[in-house]
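Trainee: Before I use the labels attached to this model, I would like to understand the reasoning behind them, one label at a time.

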Amino acid sequence: MRMLCVQNFINGEFLSTDNYIDSYNPATGDVWAQIPDSGREEVGTAVLAAKQAFTGWSQTPVEERSKIVNRIADILETRIDEFAELESHDQGKPVWLAKAMDIPRAVHNLRFFASCILYDLNRSNVMDSADAVNYTIKQPVGVAGLISPWNLPLYLLTFKLAPAVITGNTVVAKPSEMTSVTAFKLCEVFKAAGLPPGVINFVFGLGSKAGEAIVTHPDVPIVSFTGGTVTAERLRRAAAPLCKKLSLELGGKNPAVIFSDADLDKCILTTIRSSFLNQGEICLCTSRLYVQQDIYQEFVARFFQAASELVVGDPKDVNTFTGALISKEHLAKVKGYVEIARSDGATVLCGDGVKELDLPEKCRNGYFMRPTVITNVTDDSRLMTEEIFGPVVCIVPFETEEEVVRRANSVKYGLCATLWTQNLSRMHRIAQKLQVGTVWANCWLVRDLNMPFGGTKESGIGREGAKESLEFFTEEKTVCVKL
Ligand code: NAD
């Protein structure tokens, strides 16, 4: 693929900038694109365009907004193969995965919000005591700043874009500097779908520069952010003086709680996916596996076998399960945790440092590592408390319900958990006690967009979903009329 030059998309036009930064193909280590190194100036231009477009777009009938967003979805759907290739190049994930999951889910996000807005009603109440009628009006907030990460580039971006624009806001979005090409190409789709200029503007660049310029811009009253917990802390401080409306979807350290009555065939198959899909670079991946003592040995043996057989390699190869990690720095960070395991005296059963990689020539400089399984690790180890965000999983035994709930809840994160048992009352009992935003019982990553999604504790503030996202991107005004 030839070198691409990404441009900012502002007011319906592709605009060049003075400075560019390199974007790497994680599977080869080669620079494959240049992206704008935008700052306050470019963000300022984009915010102005979005502000000017706001009057027209917020007054555009909902049916018309819905038609345009549906057209974006339709066009994207006809280009799934192309976008899957791009996303794989950008992020390192297998092409088959982008084709089966990321891009179809992005299409679904757009269609879902384009239709649910049509059935979103206002509220009313008659007060007989005061002889008055109250009703509500939902209004868009203004220019929304959308900041998204690299791990599911198009899926997470559209999960914000769709509700933001369908409710009548205009947008300045900053996708991750590491996966900007896919988002850049999406701008062609906006144009082809007839989206009016200025409704969606993309400014590409670094978080500390372009991202921060969005967060601190006085004409951006609302910011939806998905990314790391440490970044979010900085973002909250920057946004606080301006009293902005914030939604934060952050990191996790997700437990799988596996009881001895679990259907082990299904559990192992799914837990392999929940640990290693997308190189373990999904915020919802499981990284702490608590397995009940009486099946612990059997589970470890079978899980280790399954993990050892996963194919690591060229993302274009249909047999590849684990592609490349996002960057050289991230690979070094993830491998650093395996080193910590070794120096702490834990057992690295398979994966990094146990078996050499077997990569095709063109991938030799890529950022690959084998799915890694670790045992003999203590709950207070950094491996069990910090988000690793890579293909590394720890397995530890437990004995009782009470004990495993306490240990699963012992970290600062609270994004999601998986629970494996055939005992229905135990399933409901433990689901209630786990301090997380989502519990998946006997499954993983099954997403109903009607349901609220988000984290507890340091995994985030707010919820996304049909009702929640429409609420977040609107302000509800009460009108009280005396009869
Ligand atoms: P990150 O926090 O480094 O970056 C996320 C985005 O924020 C990027 O676009 C980045 O450029 C921007 N950014 C960085 N510094 C900024 C600043 N000071 N001001 C404004 N924007 C700034 O995260 P990442 O490495 O891209 O993504 C991985 C993290 O995202 C993991 O922690 C993962 O768990 C989390 N994540 C959470 C969810 C969820 O739904 N809870 C989903 C996906 C990823």
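**Burial and salt bridges**

Mentor: Let us begin with Lys93, which in this predicted model has 0% relative accessibility and therefore counts as buried, since buried means under 20%.

Trainee: What makes the contact of Lys93 and Glu87 a salt bridge?

Mentor: Their side chains meet at 3.2 Å, N to O, and because a salt bridge requires a side-chain nitrogen of Lys or Arg within 4 Å of a carboxyl oxygen of Asp or Glu, the pair qualifies. Glu87 is also at 0% relative accessibility, so this partner counts as buried too.

Trainee: Why is Asp37 called buried, and why is Lys209 called partly exposed?

Mentor: Asp37 has 16% relative accessibility and falls under the 20% limit, so Asp37 counts as buried. Lys209, at 36%, lies between that limit and the 50% above which a residue is exposed, and therefore counts as partly exposed.

Trainee: How do you know that Asp37 and Lys209 form a salt bridge?

Mentor: Their closest N and O atoms are 3.2 Å apart, which is within 4 Å, so the criterion is met. The pair links distant parts of the chain, with Asp37 in the loop between S5 and H1 and Lys209 in helix H7, 172 residues apart.

Trainee: Why does Pro36 count as buried, and which residues beyond its sequence neighbours are in contact with it?

Mentor: Pro36, which lies in strand S5, has 0% relative accessibility and so counts as buried. Leaving aside neighbours within four places in sequence, the contacts of Pro36 include Val6, Tyr20, Ile21 and Phe204.

Note on methods: Residues numbered from 1 in each chain as written. Predicted model: local features only at pLDDT ≥ 70, side-chain atom pairs only at ≥ 80, totals over all residues. Heavy atoms only, no water. Helix = DSSP H or I, 4+ residues; strand = E, 2+ residues; numbered from the N terminus. Buried < 20%, exposed > 50% of the residue type's maximum accessible area, 1.4 Å probe, protein only. Contact = heavy atoms within 4.5 Å.
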